[in-house]
Each structure stands twice: as structure tokens, then as C-alpha cells.
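Please open the model in a viewer and keep the sequence panel in sight. The tour below proceeds by selections, each followed by a description of what is found there.

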Amino acid sequence: MIKAKSITICILVTFLLAAFAGSSLADEKMTVVGVVTEDGLIVDKKGLIYEIGENDNLEAVVENTGVKVEVNGTVVEDDGGNKIIMIE
């Protein structure tokens, strides 16, 4: 009986840790500073590439090709590991 309780507690702790780890990987609000490429991407000084998500601000940023910009938004990561910023 004690062994069954120990196993149940271990499983519960594992699920809780997985839930907290998943929440830390959730969408993150941040500021991205980088240069807008001809493809409409933003490349920061570390070389990270951000795709600009579809919204009303997309066209305004893309018009600044070759210019260093600072944008605020929510960064999400798609299934392929690509970072997408939804500009606020």
C-alpha cells in the first residue's frame, strides 16, 4: 500500500513539473530590435530571425526594409521552431 502511494506521488510530481515547464515555453511578450529584411523578417544582433505575424502593423514594419526597428509584441514559436512576433 505504501509503495502504491509513493508511485502515485511520483507520477503527480512529474505531471506538475511538466505543466510548469510547458508554461515557461508559452507565448512571451517582448521587445525585438533588429533590421527588417527584404523578405519581411526581422533579424536581431544575435542573428535570431523573427517572422512578422499577420496583423494591421505588418505593412508598416515591412515598409522599413534595411532599417533597424524596435517592435513590441508577443513572440510565439511554431512547430518548426520558427519565431513569430505578433506586433502590438
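**First stop: the second largest pocket**

Select Met 30, Thr 31, Val 32, Val 33, Gly 34, Val 43, Asp 44, Lys 45, Lys 46, Leu 48, Tyr 50 and Lys 68, which together line the second largest pocket. The space in this pocket amounts to about 170 Å³. Two elements, strand 1 and strand 2, each give two or more residues to its lining. With five residues, strand 1 gives the most. Please bear in mind throughout that this is a predicted model.

**Second stop: the whole chain**

Clear the selection and display the protein as a ribbon. Two helices and five strands make up its secondary structure. Followed along the sequence, these elements give the pattern α-β-β-β-α-β-β. The protein has 88 residues, of which 22% count as buried. Among contacts with a separation of 6 or more, 54% are between residues 24 or more positions apart.

**Third stop: the barrel**

Colour the five strands separately. They close into a barrel in the order 1-2-3-5-4, with mixed pairing. From one strand to the next, the twist averages 55 degrees. In general, the strands of a sheet pair through backbone hydrogen bonds, in either the parallel or the antiparallel sense.

Now select strand 1 (28-36) together with strand 2 (residues 41-44). The two run antiparallel and are joined by three bridges. Val 35 has Val 43 of strand 2 as its bridge partner, and Val 36 stands opposite Ile 42. Four residues lie between the strands of this hairpin, in which Gly 40 takes a positive phi near 80 degrees.

Add strand 3 (49-52) to the selection. Strand 2 and strand 3 also pair in the antiparallel sense, over three bridges. Here Ile 42 stands opposite Tyr 50. These two strands likewise form a hairpin with four residues between them, and Gly 47 in the turn has a positive phi of about 90 degrees.

**Fourth stop: the two faces of strand 2**

Keep strand 2 and show its side chains. Which of them are buried, and which are not? Ile 42 and Asp 44 point to one face and are buried, whereas Leu 41 and Val 43 point to the other face and are not. Such alternation between the two faces of the sheet is what a regular strand shows in general.

**Fifth stop: Ile 42**

Centre the view on Ile 42, which is found in strand 2. Its relative accessible area is 0%, and therefore it is buried. Beyond four places in sequence, Ile 42 touches Val 32, Gly 34, Val 35, Val 36, Leu 48, Ile 49, Tyr 50, Ile 52, Val 61, Val 69 and Val 71. A distance may also be drawn from Ile 42 to Glu 70: the two are 28 residues apart in sequence, and their C-alpha atoms are 9.6 Å apart.

**Sixth stop: the largest nonpolar core**

Select Val 32, Val 36, Ile 42, Tyr 50, Ile 52, Leu 58, Val 61, Val 69, Val 71, Val 75, Ile 85 and Ile 87; these twelve residues make up the largest nonpolar core. Strand 1, strand 3, helix 2 (58-62), strand 4 and strand 5 (83-87) each give two or more residues to this core. Which element supplies the largest share? Strand 4 does, with three residues.

**Seventh stop: Val 69**

Move to Val 69, a member of this core that lies in strand 4. Val 69 has a relative accessible area of 12%, so this residue counts as buried, the cut-off being under 20%. Leaving aside neighbours within four places in sequence, Val 69 is in contact with Val 32, Val 33, Gly 34, Val 36, Ile 42 and Asn 64. The C-alpha atoms of Val 69 and Asp 44 are separated by 9.5 Å, although the two residues are 25 residues apart along the chain.

**Last stop: Thr 74**

Remain in strand 4 (residues 68-77) and select Thr 74. Is Thr 74 buried or exposed? Thr 74 counts as buried, because its relative accessibility is 18%. Which residues does Thr 74 touch, not counting those up to four places away in sequence? They are Asp 27, Glu 28, Lys 29, Ile 84, Ile 85, Met 86 and Glu 88. Among these, Ile 85 also belongs to the largest nonpolar core.

Definitions and conventions:
Residues numbered from 1 in each chain as written. Predicted model: local features only at pLDDT ≥ 70, side-chain atom pairs only at ≥ 80, totals over all residues. Heavy atoms only, no water. Buried < 20%, exposed > 50% of the residue type's maximum accessible area, 1.4 Å probe, protein only. Contact = heavy atoms within 4.5 Å. Core = buried A, V, L, I, M, F, W, Y, C linked by side-chain atoms within 4.5 Å. Pairing = 2+ DSSP bridges. Axes fitted to C-alpha atoms, helices over the stretch in contact; angles between N-to-C directions. 1 Å grid on protein atoms, 1.4 Å probe; cavity = no way out; pocket = protein on both sides within 12 Å on 5 of 7 lines; lining within 4 Å. Points joined across faces, edges and corners; volume = space filled by probe spheres on them.
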